[in-house]
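Please open the structure in a viewer and keep the selection panel at hand. The tour below proceeds stop by stop.

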Amino acid sequence: MSYVVLARKWRPRLFEDVLGQSHVTRTLTNAIEAGRIAHAFLFTGPRGVGKTSAARILARALNCTEQDGPTPRPCGRCAQCAEIGEGRSTDVFEIDAASHTGVDNVREIIDNVRYLPSSARFKVYVIDEVHMLSTGAFNALLKTLEEPPPHVKFVLATTEVHKVPTTILSRVQRHDFRRIPSQAIVERLSKILESESLDHDPSALRVLAREADGSMRDAQSLLEQVLAFAGSRGLDGPVVREALGVVDAAAVEDVVEALLERAPARVFERVGQVHDRGLDLSRFGEAIAEELRDLLAARWLVDPSSALERPQDEVARLQARAAEADPVDLERLFHRVSKLVEDLSLTGHPRFLLEVGLASLAESPARVDLDQLLDRLDDLEGRLSPSRAVPGSDGPRLADPRPRVEPKARPTSLASVRRASGTEAGRPRGSGTGAEPSGSRAQERTAPSRKSGARLREDQSSVPEPRPSASGADFRGFVEQVRAAKPALAANLAQVEVEQFTETSVILLCRTAFDLQNLGKPETRRFLQAELNGFLRGEPELVMKRAPDQVSGPGTLADEDEAAKRVRAEARRKAARENAAVQTAASELGGSIEEVRVREEEP
C-alpha cells in the first residue's frame with residue numbers, strides 16, 4: 001500500500017475533529033439536528049484551516065445511511081461515508097473553480113442538478129476556490145444557487161471572499177473560518193507524533209506551529225518535511241530550525257539585546273553569521289521585528305500570554321527584559337526595523353543594508369528623559385542663583401540672560417507726533433502767531449479724529465523716541481495713521497523713502513517700479529491725499545517718483561526698523577554668551593555654547 005502523507009491521513013472525520021473552528025461546527029451540528037439545513041453554504045478563511053474537510057464532513061452527514069435522515073455524527077462505516085471519504089462518490093462532486101472558470105463548466109452543473117442522485121440522499125457540489133469563476137460563470141450560477149432542487153446542496157469554499165460578488169453572498173449561508181491558535185496546533189501535532197510512536201521535543205513543535213502561521217495543513221506538511229530530514233534522530237528545536245532554515249531564536253534575541261545596549265559590533269557579527277548559513281535575511285529581519293513587538297506586548301499587557309502565544313517561561317523572560325527597556329526606544333526600534341525589512345526586498349545587497357541599518361540603530365544615542373533633565377536644571381539653578389526664586393514656584397529659576405530693551409512707543413495721533421517732533425503743522429513751535437488756537441480749533445485738536453473709517457485715540461502717555469529728522473518722525477506718524485485704516489498700504493509706505501514732508505509738498509521716492517505703480521493708482525492717490533490734508537493741516541502736493549539706483553540718506557522706515565532689530569539682537573546674543581549662569585549650565589551639562597538665537601519681542 002502506498003504511503004499516505006500526514007495531512008491526508010489525519011484529515012478530520014467528524015465535526016469535533018475540525019481544529020479551532022467550534023463556532024462553525026456548532027452551527028452546522030445544530031442545523032442538522034433541527035432539520036434547518038440551508039441549500040447553499042460559503043466557507044471562507046485562510047488556507048489549511050479545515051474548509052474542504054468541513055465540506056466533506058457535511059456531505060457525509062447529509063448522506064450517511066446509518067440513520068433515517070441527516071446526522072451530525074456520520075458513522076464512517078456505511079457505503080456512502082466510505083465513498084465520500086475516498087472521493088469516489090457519484091453524487092458528491094468536488095470541483096476546482098481555478099480550472100473550471102467558464103460559463104460552459106457552470107452550464108454543465110446546471111444541466112446535472114435536475115437529475116436525482118443515483119444512490120445518495122443529496123447531490124452535493126463542493127466548489128473550491130470559487131472566487132476564480134469568471135463574471136459570466138457567476139451570473140449563470142445565480143438562479144440555480146438561489147432555488148436549487150430539493151435534493152441538491154452547494155458548498156462554496158474560498159480564501160478570498162472579497163472577490164465573490166455580493167449577488168452570490170446574498171444567496172448562501174456564510175461561515176468564516178479562523179486561524180488556528182499555535183497552542184492548539186502544538187497539541188494536535190503532539191497527538192499525531194504519539195500515535196506514530198515518534199519521539200519529539202515540545203520546543204520543536206512550537207517552532208513548527210509558529211512557521212505554520214495558523215494553518216494546520218501547513219503544520220502537518222512541515223512536520224512531514226522535518227521527519228524526513230531528521231531520519232533516525234529525535235525531533236528537537238535545532239533539527240527543526242536546520243531543516244526549515246529558521247533563524248535561531250538566540251541570534252534574534254542577541255541582536256535585540258545589541259540594539260538596546262548600543263553595541264553595533266555584535267550586530268555585524270550576528271548578521272554575518274546568518275548570511276553565511278544561507279538563511280533568508282528578510283525572515284531574519286521579520287523575526288527581529290516580531291521580538292520587538294513581543295517585548296512591547298509584554299510591557300503593556302497585564303497578561304500577555306494570549307497575545308504572545310509562547311510558553312510561560314518565555315513570557316516571563318520577555319516581561320523581565322521589557323521592564324528594563326524604555327518603551328519609547330522599543331517603539332522607535334520596531335518602526336525602524338519594519339521599514340528596514342520593507343527596503344530589503346528593493347535592494348540588490350540585502351546583507352549590507354541590514355548590517356548598516358541595524359548598526360546605525362544600535363549606535364544612535366539613548367533617549368534623554370525630559371523629567372530627569374528638568375530635575376538637573378532645577379538643581380543647577382538652585383546652586384547658581386538661590387536668592388532669585390520665582391514667587392509661587394517650587395524652586396528657583398534662572399534669570400533671563402537677555403538684556404531688557406524698553407519698547408519704543410509709536411505715535412498714534414497728530415498731537416503725539418507733533419510732541420515728538422517739536423513742530424506744529426510743519427512749523428517750529430513758537431513761530432508764527434506763537435499762540436495756541438482756541439475755540440473750535442482747539443476742540444478739533446483734542447477731539448478724536450475720524451478719517452476713512454479709522455479712529456485715532458489721543459494717547460498722552462505715548463511719547464515716541466525722538467528721531468534726528470523731523471520729516472521722518474512726521475512721516476512715521478502718518479504711516480501709523482494709515483495703518484489703522486489700511487494695513488497693507490501702510491506696509492507699502494514703509495518701503496519708500498521720504499525726500500520732503502511739509503505742509504506744502506510731500507515727495508516720496510519708490511525703490512521699485514511695483515511700489516511706484518501700486519502707490520500711483522488713482523484711488524490710492526486720492527486716499528493718501530485726503531489723509532495728508534488732515535494730518536498736515538494743509539493741502540500739500542503729493543509727488544511720487546522712482547528713486548535713483550544710488551540713494552544716500554537714512555533709508556526707509558523698514559530699513560531703520562530692521563537695523564534697530566539687528567542692533568538689539570546682537571546685544572542680546574552678546575549678553576547671553578557672556579552670562580555666567582548660561583556658561584555654568586553648559587559646563588555642568590558637559591556641553592558648549594554653539595549658537596545663540598534671539599527671539600525678537602514686539603513692544
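Which residue of strand 3 is the bridge partner of Phe93? Select Tyr125: in strand 3, Tyr125 is the bridge partner of Phe93. Strands here are DSSP runs of E with at least two residues, and helices are runs of H or I with at least four, both numbered from the N terminus.

This is a predicted model, in which local features need pLDDT of at least 70 and side-chain atom pairs count only at pLDDT 80 or more, while totals for chains, interfaces and linings use all residues. Residues are numbered from 1 along each chain as its sequence is written, and side-chain values use heavy atoms, with hydrogens and water left out.

**First stop: strand 3 and its neighbours**

Select residues 123-128, which make up strand 3. Because 5 of its 6 residues are buried (under 20% relative accessible area with a 1.4 Å probe, protein chains only), strand 3 is largely enclosed by the rest of the structure. Add strand 2 (residues 92-96), which pairs with strand 3 in the parallel sense over 5 bridges; pairing requires at least two DSSP bridges between the strands. Follow the chain from strand 2 through helix 5 (residues 103-112) to strand 3: this β-α-β crossover is right-handed, meaning that the path from the first strand over the helix to the second runs clockwise when the strands point away from the viewer.

Next, select strand 4 (residues 152-158), which runs parallel to strand 3 and is joined to it by 6 bridges. Lys123 has Val152 as its bridge partner in strand 4. The chain passes from strand 3 through helix 6 (residues 135-146) to strand 4, again in a right-handed β-α-β crossover.

**Second stop: the aromatic rings**

Rings of Phe, Tyr and Trp (its six-membered ring) pair if their centres lie within 6.5 Å; planes under 30 degrees apart count as stacked, over 60 as edge-to-face and the rest as tilted. By this rule there are 9 aromatic pairs. One of them is the tilted pair of Phe475 and Phe478, at 6.3 Å centre to centre with 40 degrees between the planes. These two residues are 3 apart in helix 22 (residues 470-485), so about one helical turn separates them. Both Phe475 and Phe478 are buried. Add Phe501 and Phe535 to the selection to display one aromatic cluster of four members.

**Last stop: confidence**

Colour the model by pLDDT, the predictor's confidence in each residue from 0 to 100. The protein averages 80, and 82% of the residues score at least 70. Where pLDDT is low, the predicted coordinates should not be read in detail.

Conventions:
Buried < 20%, exposed > 50% of the residue type's maximum accessible area, 1.4 Å probe, protein only.
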